[in-house]
Amino acid sequence: MSIYSASTTAPVNIATLKYWGKRDKSLNLPTNSSISVTLSQKDLRTLTTAATSETFTEDKLWLNGKLESLESERTKACLADLKKLRKELEDSDASLPKLSTFGLHIVSENNFPTAAGLASSAAGFAALVVAIAKLYKLPQDMSELSKIARKGSGSACRSLFGGYVAWEMGDLTDGEDSKAVEVAPLGHWPGMKAAILVVSDDKKDTPSTSGMQLTVATSDLFQHRIKEVVPARFIEMKKSIAEKDFPLFAELTMKDSNSFHAVCLDSYPPIFYLNDTSKKIIKLVHKLNELEGKIIAAYTFDAGPNAVIYYEEHNESKVLGFLHTVFNKVEGWKGEVKSTDYKFDFDDQLYKGVSKVILTEIGPGPQDTEETLINEQGLPK
Ligand code: PMV
């Protein structure tokens with residue numbers, strides 16, 4: 001039997017201008033545009049192999065070694081779109097094998113713990129869409145494919161590009177103009193680094209979809225955010241990236257994280273994603289910037305308590321030295337990091353709220369790979 005297969009890797013992205021709010025829940029159309037930085041796949045990536053064969057009777061998906069149900073409407077929507085595009089190709093060229101009529105076997109693995117709340121769904125849906133598009137030899141570009149990934153998870157559309165990425169909200173009801181575009185490639189401003197502080201938390205966070213729905217329905221502040229704050233910030237943040245203006249980029253990033261968590265608090269009943277550790281990390285970053293007399297680090301938090309701290313490579317010893325002073329007992333430091341020599345007050349028990357440090361940097365979009373997760377029988381290796 002002949003098995004066709006293709007593999008790709010895809011990155012995680014962390015928004016600096018947050019997507020929060022859907023105007024269409026089934027198509028994942030947002031109420032505002034957003035911007036993100038794509039992170040390096042050396043530290044965080046999903047590897048996905050997609051295979052198909054006349055002998056595969058149904059679509060199957062294995063995630064991190066476990067067979068998953070394909071009942072999710074999100075995944076079904078992505079597969080249906082990709083099969084439709086393949087069918088169009090087959091209809092235009094009768095010599096092509098009819099892959100669109102075969103079952104798909106998809107095997108996906110993360111190189112980081114899925115449960116840590118690190119935007120794994122973004123990398124996962126991006127990898128799924130790109131692997132199948134490659135298997136089907138689809139001619140669509142990354143922006144076109146981003147519209148399919150968007151239906152899996154909104155933020156996934158931004159993982160189709162490396163570097164600095166925008167998701168333009170669009171205004172069409174069918175979502176055809178709601179897609180990811182490159183703001184600037186990795187090489188434009190390559191020195192962007194990120195320190196992720198994985199914050200331990202026992203409570204389960206409100207899932208992003210239900211959280212967004214509640215905010216849209218109940219927060220008054222949210223209307224101000226989407227009408228006034230984000231549209232202006234979207235333009236300013238793109239400008240800060242074009243000009244590699246870190247202090248401006250950082251200030252906008254921190255303010256936007258705070259604005260997003262403010263509309264969560266303004267939802268009724270309120271949603272809390274930040275915990276005490278997160279709040280103390282916010283204060284620490286402001287302390288660092290104050291001690292330096294300029295903004296050299298920016299925090300941002302998604303729908304959970306983990307902190308992502310962006311900084312520029314030339315400030316690495318200052319930023320990591322400062323964080324190391326507080327969190328040196330936490331695992332994950334790499335290379336030589338020396339604690340800061342200046343004195344500042346901090347809670348000496350704060351490190352207990354952080355389970356891991358992940359030091360990473362800006363990175364490229366999805367990458368082709370020869371590595372495969374599927375054996376000759378079309379099953380996970
Ligand atoms: O794509 P979702 O449904 O997981 O939502 C992501 C929402 C945030 O991470 C909080 C913000 C963003 O823009 O990524």
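Here is a friendly exchange about a predicted model and the ligand it holds.

Biologist: Let's begin at the ligand. Which residues are the closest to the ligand, among how many that surround it?

Modeller: Happy to start there. The ligand is surrounded by 13 residues. By class, that shell has 6 nonpolar, 4 polar and 3 charged members. The closest are Y19, S153, S155, R158 and S208.

Biologist: Which domains supply at least three residues each to the shell around the ligand?

Modeller: The shell draws on two domains, with at least three residues from each. They are domain 1 (4-185) and domain 2 (192-361).

Biologist: How far is an N or O atom in the side chain of S208 from an oxygen atom of the ligand?

Modeller: Let me go through some polar side chains around the ligand. For D302, a polar side-chain atom lies 3.5 Å from a ligand oxygen. S153 places a polar side-chain atom 3.1 Å from an oxygen of the ligand. For S208, the distance is 2.9 Å.

Biologist: And what share of the ligand's own accessible area does the protein cover?

Modeller: On its own, the ligand has 380 Å² of accessible area. The share covered by the protein is 90%.

Biologist: Now to the aromatic rings. How are W20 and F260 arranged as an aromatic pair?

Modeller: The structure holds 13 aromatic pairs, and W20 with F260 is one of them. A pair of aromatic rings is described by the distance of the centres and the angle of the planes. Here the centres are 4.8 Å apart and the planes make 50 degrees, an arrangement classed as tilted.

Biologist: How many residues apart are W20 and F260, and where does each sit?

Modeller: W20 is in the loop between β2 (13-17) and β3 (22-24), while F260 belongs to helix α6 (residues 246-265). Both residues are buried. The pair links distant parts of the chain, with a separation of 240 residues.

Biologist: Why is the pair of F260 and Y273 called tilted?

Modeller: The ring centres of F260 and Y273 are 6.3 Å apart. Tilted pairs have planes that are neither under 30 degrees apart nor over 60. The planes of F260 and Y273 meet at 35 degrees, so the pair is tilted.

Biologist: Is Y273 buried or exposed?

Modeller: Y273 lies in the loop between α6 and α7 (276-292), 13 residues from F260 in sequence. Buried means under 20% relative accessible area. Y273 has 1%, so Y273 is buried.

Biologist: Which residues form one aromatic cluster with W189?

Modeller: W189 is one of the members of this cluster. The others are Y164, F246, F249 and Y310.

Biologist: What is the distance from the backbone oxygen of W20 to a polar atom of the side chain of T31?

Modeller: T31 lies in the loop between β4 (29-30) and β5 (34-38). With a relative accessible area of 13%, T31 is buried. The distance from its side-chain polar atom to the backbone oxygen of W20 is 3.4 Å.

Biologist: Is S95 buried or exposed?

Modeller: S95 sits in the loop between α1 (73-92) and β9 (103-110). Its side chain joins that of D93 through a polar contact of 2.7 Å. At 61% relative accessibility, S95 counts as exposed.

Biologist: Last one: what separates the C-alpha atoms of W167 and S33?

Modeller: W167 lies in strand β10 (residues 164-168) and is buried at 0% relative accessibility. Along the chain, W167 and S33 are 134 residues apart. Their C-alpha atoms are separated by 5.6 Å.

Notes
Residues are numbered from 1 along each chain as its sequence is written. This is a predicted model: local features need pLDDT of at least 70, side-chain atom pairs count only at pLDDT 80 or more; totals for chains, interfaces and linings use all residues. Side-chain values use heavy atoms; hydrogens and water are left out. A residue is near a molecule or strand if one of its heavy atoms lies within 4 Å of it. A polar contact is a pair of N or O atoms within 3.5 Å; within protein, one must be able to donate a hydrogen and the other to accept it, and residues adjacent in sequence count only if both atoms are side-chain atoms. Accessible areas come from the Shrake-Rupley method with a 1.4 Å probe; for residues, only the protein chains shown count as cover. Ala, Val, Leu, Ile, Met, Phe, Trp, Tyr, Cys and Pro count as nonpolar, Asp, Glu, Lys and Arg as charged, and the others, Gly among them, as polar. Domain bounds come from an automatic or database domain assignment. Rings of Phe, Tyr and Trp (its six-membered ring) pair if their centres lie within 6.5 Å; planes under 30 degrees apart count as stacked, over 60 as edge-to-face and the rest as tilted. Helices (H or I, at least four residues) and strands (E, at least two) are DSSP runs, numbered from the N terminus. Buried means under 20% relative accessible area, exposed over 50%, partly exposed in between (1.4 Å probe, protein chains only).
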